[in-house]
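Visitor: Hey, got a minute to walk me through this one? Put it up and let's poke around.

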Amino acid sequence: MSDVIDIYDAQTGIWSTQSLSSPRAILSLLAVDQRVLFAGGAGSGYVPQATVDVYDELNGGWLPPMELSLARFDMGATVVGNVLYFAGGNTGG
């Protein structure tokens with residue numbers, strides 16, 4: 001379980017890191033436009049999480065965390081146009 005995000009800039013060949021709002025495993029992620037969303041995941045003790053952290057590459061910073069409708073991990077995720085979908089997953093129940 002980790003909160004570390006490794007970021008590779010293909011133009012410069014430089015690695016950097018950022019941190020999620022909380023350590024999580026088995027989270028889902030998607031990229032749309034200049035944003036990367038890190039959704040759900042399992043926290044300590046594999047407790048499902050609802051947090052969605054959004055990194056805005058254009059501004060080089062984090063937007064305020066959001067919440068999924070249901071805490072879960074190991075979800076399916078896809079993007080169609082500018083709409084992101086997160087479905088299924090494990091609610092720990």
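Guide: Sure. One thing that stands out is a cluster in which ring pairs link F38, Y55 and W62. Bear in mind that this is a predicted model.

Visitor: Noted. How many aromatic pairs does the structure hold?

Guide: Four aromatic pairs. One of them is F38 with W62, a tilted pair at 6.0 Å centre to centre and 55° between the planes.

Visitor: Where do F38 and W62 sit in the chain?

Guide: F38 is in strand β4, residues 35-39, and W62 is in strand β6, residues 61-62. With the two positions 24 residues apart, the pair links distant parts of the chain.

Visitor: And F38, buried or exposed?

Guide: F38 counts as buried, at 10% relative accessibility. W62 is partly exposed, with a relative accessible area of 30%.

Visitor: OK, what about Y46 and F73, what kind of pair is that?

Guide: Edge-to-face, because the planes are at 65° and the cut-off for that class is over 60. The ring centres of Y46 and F73 are 6.4 Å apart.

Visitor: Which parts of the chain does that pair tie together?

Guide: Two loops. Y46 lies in the loop between β4 and β5 (51-56), while F73 lies in the loop between β7 (66-67) and β8 (76-80), so the pair ties together parts 27 residues apart in sequence. Y46 is partly exposed at 48% relative accessibility, whereas F73 is buried at 9%.

Visitor: Let's back up to the fold. How many helices and strands are there?

Guide: Zero helices and nine strands. From the N terminus on, the elements simply run β-β-β-β-β-β-β-β-β.

Visitor: What does the radius of gyration say?

Guide: The chain has 13 Å, and a compact globule with 93 residues would be near 12 Å, so the value agrees with that. The C-alpha trace spans about 45 × 30 × 20 Å along its principal axes.

Visitor: What share of the residues is buried?

Guide: Buried residues make up 29% of the 93 in the chain. As for the surface, the accessible area comes to about 5,700 Å², with 53% of it belonging to carbon and sulfur atoms.

Visitor: So which residues make up the largest nonpolar core?

Guide: The core has 10 residues: L30, V32, L37, A39, A50, V52, V54, L68, M75 and F86. Strands β3 (28-32), β4 and β5 each supply at least two residues of this core.

Visitor: Pick V32. What is V32 in contact with?

Guide: Leaving aside neighbours within four places in sequence, V32 is in contact with L37, V79, G81, N82 and L84.

Visitor: And T51, where is that?

Guide: T51 is in strand β5 and is buried, with a relative accessible area of 13%. Setting aside neighbours within four places in sequence, T51 is in contact with S21, R24, F38, A39, G40, P65, M66 and E67. That list includes F38 from the ring cluster and A39 from the core.

Visitor: How far is T51 from A39 in space?

Guide: Their C-alpha atoms are separated by 6.1 Å, and the two residues are 12 apart along the chain.

Visitor: Last one: is G92 buried or exposed?

Guide: G92 counts as exposed, at 54% relative accessibility. G92 belongs to the segment after β9 (83-87), and its C-alpha is 10.0 Å from that of Q49, which is 43 residues away in sequence.

Note on methods: Residues are numbered from 1 along each chain as its sequence is written. This is a predicted model: local features need pLDDT of at least 70, side-chain atom pairs count only at pLDDT 80 or more; totals for chains, interfaces and linings use all residues. Side-chain values use heavy atoms; hydrogens and water are left out. Rings of Phe, Tyr and Trp (its six-membered ring) pair if their centres lie within 6.5 Å; planes under 30 degrees apart count as stacked, over 60 as edge-to-face and the rest as tilted. Helices (H or I, at least four residues) and strands (E, at least two) are DSSP runs, numbered from the N terminus. Buried means under 20% relative accessible area, exposed over 50%, partly exposed in between (1.4 Å probe, protein chains only). A nonpolar core is a set of buried Ala, Val, Leu, Ile, Met, Phe, Trp, Tyr and Cys residues joined through side-chain atoms within 4.5 Å. Contact means heavy atoms within 4.5 Å. The radius of gyration is taken over C-alpha atoms; the globule rule is 2.2 Å times the number of residues to the power 0.38. Accessible areas come from the Shrake-Rupley method with a 1.4 Å probe; for residues, only the protein chains shown count as cover.
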